[in-house]
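The exercises below are meant to be worked through with the sequence and the coordinates at hand. Each task is followed by a solution that goes step by step.

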Amino acid sequence: MKVRLLLFFAMLSTLALAQRRITGTVNDVQGSPLLGASVFEKGNTSNGTITDINGAFEINVPAKTKTLIVSYTGFTTLEVDVPAGSLPMLIALQESSLVLDELLVIGYGSTSKRNLTDNVVKLGTKDISNIAVSNFQSTISGKAAGVRINQTNGKVDGGINIRIRGTSSISAGSEPLYVLDGMPVINVNESNNGAPMNPLLSLSPSEIESIDILKDASSAAIYGARGANGVVLITTKKGKAGNTNVSLNISTGVSSPTHLVEWLNASEYKELFTEAAINSFGEEDGKAEAEGAFDFLSNGTDWQNGAVDTDWNKIAFRDGSQSDIDLSVSGGDLKTQYYFGGALNKTKGILVGNDLKRMSARMNVKHQLNSKVSAGMNLGISKTIIDRVDNDNSFTSPLQSIAQSPLSPAYNDDGSPNANTLYANFLLEDLYASYTTNLRRITGKIFAEYNFTEKFKFNSDLGYDMSDQTEDQYRGTQTPFMSTNGYAYNSSAKSENYIWSNYFTYKNDISDNNNFTVVAGQEFNNSDRLFNSVTGTQFPSDNFTTISSAAEITAGKGDNSRYNFLSYFGRATLNLRDKYFVKASIRRDGSSRFGSNQRYGIFPAVSLGWLVSEESFLKDNSTISFLKIRGSYGQLGNSEIGNFASRTLYNGVSYNKISGIVLTQPGNNDLTWEKSRQLDLGIEFGILKDRLSGEIDFYKKDTDGLLFKVPLPGSSGQTVFNKNIGTLESKGIEIVLNSKNLSSGYTRWSTSVNLANNNNKITSLPNNNADIIVGENINQVGQAVSSFYLVEFAGADPANGDALYYKDGLGSETTNDYSEANRFIAGNPQPTWIAGLTNEVSYKGIALTFTFVGEWGASIYNGGGVYQSSNADFFDNQDKEQLNRWQKAGDITNVPQARLYGQNGTAQSTRYLQKADFIRLRNIMLSYDLPQSITNKIKLGSARLYISGVNLLTFTSYTGYDPEARADASGYGFDNGWNFYSAPQAKTTSVGLNVNF
């Protein structure tokens, strides 16, 4: 027994002697400690530690260990030799120059910027934080080449439009696929008031760690049938090994419209309309006609002596506000990392009656169960409450009030809204009606990873996304057009999305400079939607506003739908000699949305990269520090055609109170997704030790199988059916330049510029390439999608003030007979150039960051121009330009003679078409970090004070409210380029405090 004990203690002594205790600190090159830096034994990732708040670490390693690996986000990973003695190590990490070692999320994995063969843009926390907007999409505007981001208008709930490398479809969806922590999320507009709403308002920007945008076919092909419009990968914040960090951010700000159009005041209004009436009816009858109208419009006030001069701009708009508070707790150790966060946003819109409140919380946890297994959970919950106003095409929308006469008082003497106005007074709707949308959202994922070996692992992710949106409208007895003693509408739209992903990853380092990685897996996606609505009228009084108090139920609707995807995917990457890169991917998607004969599709892609700067002839070049050439080609799909476009559909009907069914849509078993084939060629470079770096890309996308409704013979009993027919071409270039202008001591100044060109044209259409004309837009072979198709306006006839039009486009013979003029392609609703410019300047604790965005080449058609700029055709108030009207022979002007009811120049023409070019200061922030000597005294890790602004400056020749705003009413559409009484964006200035404990 004694012998055994002696042997046991001898073994323990031997083991103890075989271990070494190593201590040290990790700082940046300026000597500041790095909290949370990882220190690992080389070749054994299970043996490691992290640095504390002072950058200190301690690790036990085998005596034979010669090397430690030290890494920290944003810094170059360093291999350091273990010293022979016992003195503490002092390790200095250097910031990555081109952030080439930064990991980019690419779908079912990640890669470094250095090894990337695709076109992917990564935006981090600094790009999206502390910007006073209620949606995360607007935070990235101007920061990614070829990515156009616009909010439809200035409503707090306004829809967001993102176009990655232009438009890829005519009738199918054009929005990118959004993937949250590896899970495609619901992005369906469930608004029922005619104006689209942003369904991703539920996601707070404060939750987001990074956003990766997949732009080319090779990067997006792993998402197959849903990747044609690009993919936006959102990664939420996670805990990091290290001390617990408590972060608090508080901000508050004020908002106002970016621009207001000037309308006629009361004196100008009387002058113009009196003149217009005289021009139409003669001196005596004209004055009588005008004065009779003024008597009605003034509602009994003394209009002749200027008793009323209402500025309806000031009635419709107000000073808005925004306040944000978010609190998070994060931290962990090498086994468990956690993040808990909550946020509250309150936004008072610039339009009267338009408000938003969002409450959100997030919990992300990951735990290493043992050396083989890790597991975790991501969970996000939110509730968003929105007080909404009517769509732009409604008389009760606030901005339609600008059509009211300045002679009409907004309020009666007793303070109640005036009901005797030219059009419905929206103030009645604001006071006696309500439209509230509640959006409840839950996104969650549980995941596990099993490592068979260090090279081979298996991942299983089960995701859930639930969007529950309810809308409650009540219109009281005193609202405009009310004839039913009250009206109520309630709706509920609930969507649930389940996604189960399983995939294997094998990575083998053949040698120090040669490796390959293979990913293969399967994914199932099921989505259910339940919708119900009910409408009721005849309420006992306006004190009863719920549907249960309605005496008569006048309408009801309910439907239940489902779609699913079954997918198999694979990707292989090869790195040869650390300078030649090859990647190939493939995905096979099957979807219930498509015809039974075309249920499955295959989407392959391949990309190549050559790191030229690693070749012997450039490796030590003093000028070119980095040079990479890459190219990719692949095929993607667009599945956003609706759930039942391929199906034969019937609907239940009532005929004389007897039930029956009716065919509503003939099916097409060959209907499938729109397919997009994309080529991308790019070059990445760094010059003078990466002081100047950038990327240049050329791309070409060819989309075929465009979805159209094709006419059927009348004998079939139906008029159209859905068919894949038509092709579209889109191509362009993208340029990115990054410069380190100054880096000396405490002073830093860097600039990033991106510029992108996109041109699309239709290459074939159904019915033998027949033109498709919708209102003032046309789809025509050889032209851009939804081009403007208008008669060319030629101004006023100097001889008599008649409106003139060119018969066959600009420069041809003119006529005052509109019917003699032919329409032509007059403009493009989409910009051909977009750009962004970001500057970051810092000195010690002071930092200034700002981003400008710009668009060129797009046009806007003012659908309200026939009322707002009509030469006093009717009694709508007019813009100030109408004061430049033709009045006498010889006058040279573009404003024809004012003629009441005369329709002189009010026909749809280029008179109401304008260029929408602009440059806008999208965001700016000035911040001050309190010195560490102060924060240490008050027991804070860090503290920052900041002031920020959004949309503070706009440079444009566009004379409307906003060159970015478009109509949100049904039938207009963002891609059609229409503006119709659309509110401008808000400009916001806010102050805030960010504290870390």
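**Exercise 1. The largest cavity**

How many nonpolar, polar and charged residues does the lining of the largest cavity have by class? In working on this predicted model, also establish which elements and domains supply that lining.

*Solution.* Begin with the inventory: the count comes to eight cavities of 30 Å³ or more, and about 340 Å³ of space lies in the largest cavity. Of the 27 residues that line the largest cavity, those closest to its centre are Val133, Gln151, Asn951, Gln985 and Ala986.

Sorting the lining by class then gives seven nonpolar, 16 polar and four charged residues.

Turning to secondary structure, at least two lining residues are supplied by each of strand E11 (147-151), strand E18 (320-332), strand E19 (336-348) and strand E53 (986-996). The largest share, three residues, comes from E11.

The last step concerns the domains: because domain 2 (103-133 + 135-244) and domain 3 (317-786 + 829-870 + 905-996) both give residues to this lining, the largest cavity lies between them.

**Exercise 2. The second largest cavity and the two domains around it**

Which elements give two or more residues to the lining of the second largest cavity, and where does this cavity lie with respect to the domains?

*Solution.* The second largest cavity has a volume of about 160 Å³ and is lined by 16 residues, with Arg148, Gly166, Asn758, Pro831 and Ile834 nearest its centre. Two or more lining residues come from strand E37 (747-764) and from strand E45 (833-843), and E37 gives the most, with four residues. By class, this lining has five nonpolar, eight polar and three charged residues.

For the location, residues from both domain 2 and domain 3 take part in the lining, and therefore the second largest cavity lies between these domains. To place this in context, the protein is divided into domain 1 (19-95), domain 2 and domain 3. The centres of domain 2 and domain 3, taken over C-alpha atoms, are separated by 7 Å, and 93 residues of domain 2 are in contact with 147 residues of domain 3.

**Exercise 3. Two charged residues of strand E22**

Is arginine 441 buried or exposed, and with which side chain does the side chain of glutamate 449 make a polar contact?

*Solution.* Arginine 441 is found in strand E22 (residues 433-451), and glutamate 449 has its place in strand E22 as well. The relative accessible area of arginine 441 is 5%, so this residue counts as buried, the cut-off being under 20%. Glutamate 449, with a relative accessible area of 18%, is also buried.

Next, consider the polar partners. The side chain of arginine 441 reaches the backbone oxygen of proline 199 at 3.1 Å and makes a polar contact with the side chain of aspartate 465 at 2.9 Å. The side chain of glutamate 449, for its part, makes a polar contact with the side chain of asparagine 459 (3.1 Å).

Finally, leave aside the neighbours within four places in sequence: the residues in contact with arginine 441 then include Val185, Ile186, Leu200, Gly380 and Met466. With neighbours up to four places away in sequence likewise not counted, glutamate 449 touches Lys372, Val373, Ser374, Lys457, Phe458 and Asn459.

**Exercise 4. A loop tryptophan and a strand glycine**

Where does tryptophan 263 lie, and which residues does glycine 521 touch, not counting residues up to four places away in sequence?

*Solution.* Tryptophan 263 lies in the loop between strand E17 (242-257) and helix H4 (266-281), and its relative accessible area of 12% makes this residue buried. A polar atom of its side chain lies 3.3 Å from the backbone oxygen of valine 261. Beyond the neighbours within four places in sequence, tryptophan 263 is in contact with residues including Glu268, Asn313, Ile402, Gln868 and Tyr961. Alanine 448, by comparison, is 185 residues from tryptophan 263 in sequence and 62 Å from it in space, C-alpha to C-alpha.

Glycine 521 is found in strand E25 (residues 514-537) and counts as buried at 16% relative accessibility. With residues up to four places away in sequence not counted, glycine 521 touches Asn502, Tyr503, Ser567, Tyr568 and Phe569. The C-alpha atoms of glycine 521 and arginine 587 are separated by 9.5 Å, the two residues being 66 residues apart along the chain.

Key:
Residues are numbered from 1 along each chain as its sequence is written. This is a predicted model: local features need pLDDT of at least 70, side-chain atom pairs count only at pLDDT 80 or more; totals for chains, interfaces and linings use all residues. Side-chain values use heavy atoms; hydrogens and water are left out. On a 1 Å grid over the protein atoms alone, a cavity is a set of points where a 1.4 Å probe fits but cannot get out, and a pocket is an open set with protein on both sides within 12 Å along at least five of seven lines; lining residues have an atom within 4 Å of a point. Grid points are joined across faces, edges and corners, and a volume is the space filled by probe spheres set on the points. Ala, Val, Leu, Ile, Met, Phe, Trp, Tyr, Cys and Pro count as nonpolar, Asp, Glu, Lys and Arg as charged, and the others, Gly among them, as polar. Domain bounds come from an automatic or database domain assignment. Buried means under 20% relative accessible area, exposed over 50%, partly exposed in between (1.4 Å probe, protein chains only). A polar contact is a pair of N or O atoms within 3.5 Å; within protein, one must be able to donate a hydrogen and the other to accept it, and residues adjacent in sequence count only if both atoms are side-chain atoms. Contact means heavy atoms within 4.5 Å.
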